[in-house]
Amino acid sequence: MRSAGVVAVFLIVGVLIAISGLARPAFAQVSTQQYSTANIQAGYRLYASQCALCHGGNGDSVAGINLAHQQFRRVSTDADIRRTVTSGIAAAGMPPFQFQPAELDAIIAYIRSGFDLDGASFAVGDAARGKAIFDGKGGCTACHRVHGSGSRTAPDLSDIGALRKPAVIQRSILEPAAAMQPINRPVHVVMHDGRVIEGRRLNEDTETMQLIDRDGQLFSLSKSDIQNFELGRTSGMPSFAGKLSTAELADLLAYLLSLKG
């Protein structure tokens, strides 16, 4: 006979397998969801002790499933997850399972955080409202590009939701310089012929560097032609701290998280 602990492990793994897979956008939710540091960290401990055996530390050990990247088969919202866990899915071999409410909240928070071990708190609102902010009040398309629309002067965000954890994206909105990736640091280049080019790197190898300047013009430079090269430490992106309300920030984050390429 299996012990209660072993049964619990299999039930939780069954739950995660049943609710995960490829399907609808993970954040198509219309009410703001709060994910606290306490819940994220509690979810990490629960996942590590009872779920990682099958799903792996990165949540991608089961074929076709990536929990950290929000790849789900049957669910979209947190409420969907709760209903699936509570009712089970007989056809998928998943029995109904009654987590304690706090445990269920923790598992959801950890999955939604993108397996963020730091457990930074964040809130996710409505993606449709977030897109309106991105295109309008935020003025984001003046610098960023999404699915072929917008400017090229700042990084393309078409797959930002798959590449960055929610807390990291949120920090980029509020503290751009602190969250800036090395490849996105502004550059100041002086060529041997006297030309000065300022912009950001698109690519670099041992012999060449590809840049895009502040006007969106592309350059492919030979490093042998560069006289001086400096990396900036201040992001060209303005901080939206105090410019967006808490609800607007949550909506904008929801939209960015929905961008998965």
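In this predicted model, D251 is buried, with a relative accessible area of 5%. That value falls below the 20% under which a residue counts as buried. D251 belongs to helix α9, which covers residues 246-258. Leaving aside residues up to four places away in sequence, D251 touches G125, D126, A127, R129, G130 and I133. Two of these partners, D126 and R129, are worth picking out on screen when the surroundings of D251 are inspected.

Stepping back to the whole protein, the secondary structure comprises nine helices and nine strands. Of the 261 residues, 43% are buried. When contacts between residues at least 6 apart in sequence are considered, 67% of them join residues at least 24 apart. The contacts of D251 with residues such as G125 and I133 can be viewed alongside that figure.

Helix α5 offers a convenient check on geometry. It runs over residues 101-112, and at 1.5 Å a residue its twelve residues should span 16 Å; the C-alpha atoms at its ends are 16 Å apart, so the expectation and the model agree. Buried residues in α5 are L104, A106, I107, I108, A109, Y110, I111 and R112. After the helix comes G114, which has a positive phi, near 75°.

How is α5 placed against helix α2? Two packed helices are described by the angle between their axes and the distance between the axes. Here the axis of α2 (residues 37-50) comes within 7 Å of that of α5, and the two cross at roughly 95°. An angle from 65 to 115 degrees counts as roughly perpendicular, and α2 and α5 are therefore roughly perpendicular to each other. On the α2 side, the contact is made by N39, I40, A42, G43, Y44, L46 and Y47, while α5 contributes E103, D105, A106, I107, A109 and Y110. Sorted by class, this contact contains nine nonpolar, two polar and two charged residues. Among the α5 residues in the contact, A106, I107, A109 and Y110 also appear in the list of buried residues of that helix.

Attention now turns to the strands. Strands of a sheet pair through backbone hydrogen bonds, either parallel or antiparallel. In this model, five strands make up an open sheet, ordered β8-β7-β6-β5-β9, with antiparallel pairing. At its edges lie β8 (218-222) and β9 (226-231), each of which pairs on one side only. On average, and with direction ignored, neighbouring strands in the sheet are turned by 40° against each other.

Within this sheet, β7 can be followed through both of its pairings. Strand β6 (residues 196-204) and β7 (residues 208-213) run antiparallel and are joined by five bridges. N203 has Q210 of β7 as its bridge partner, and G199 is matched in the same way with D213. The connection from β6 to β7 is a hairpin through three residues. Towards β8, β7 again pairs in the antiparallel sense, over five bridges, and T208 stands opposite S222 of β8. A hairpin also links β7 and β8, with four residues between them, and in its turn G216 has a positive phi of about 90°. How enclosed is β7 by the rest of the structure? Five of its six residues are buried, so this strand is largely enclosed.

Note on methods
Residues numbered from 1 in each chain as written. Predicted model: local features only at pLDDT ≥ 70, side-chain atom pairs only at ≥ 80, totals over all residues. Heavy atoms only, no water. Expected span 1.5 Å × (residues − 1). Buried < 20%, exposed > 50% of the residue type's maximum accessible area, 1.4 Å probe, protein only. Axes fitted to C-alpha atoms, helices over the stretch in contact; angles between N-to-C directions. Parallel < 35°, antiparallel > 145°, perpendicular 65-115°, else oblique. Contact = heavy atoms within 4.5 Å. Nonpolar A, V, L, I, M, F, W, Y, C, P; charged D, E, K, R; others polar. Pairing = 2+ DSSP bridges.
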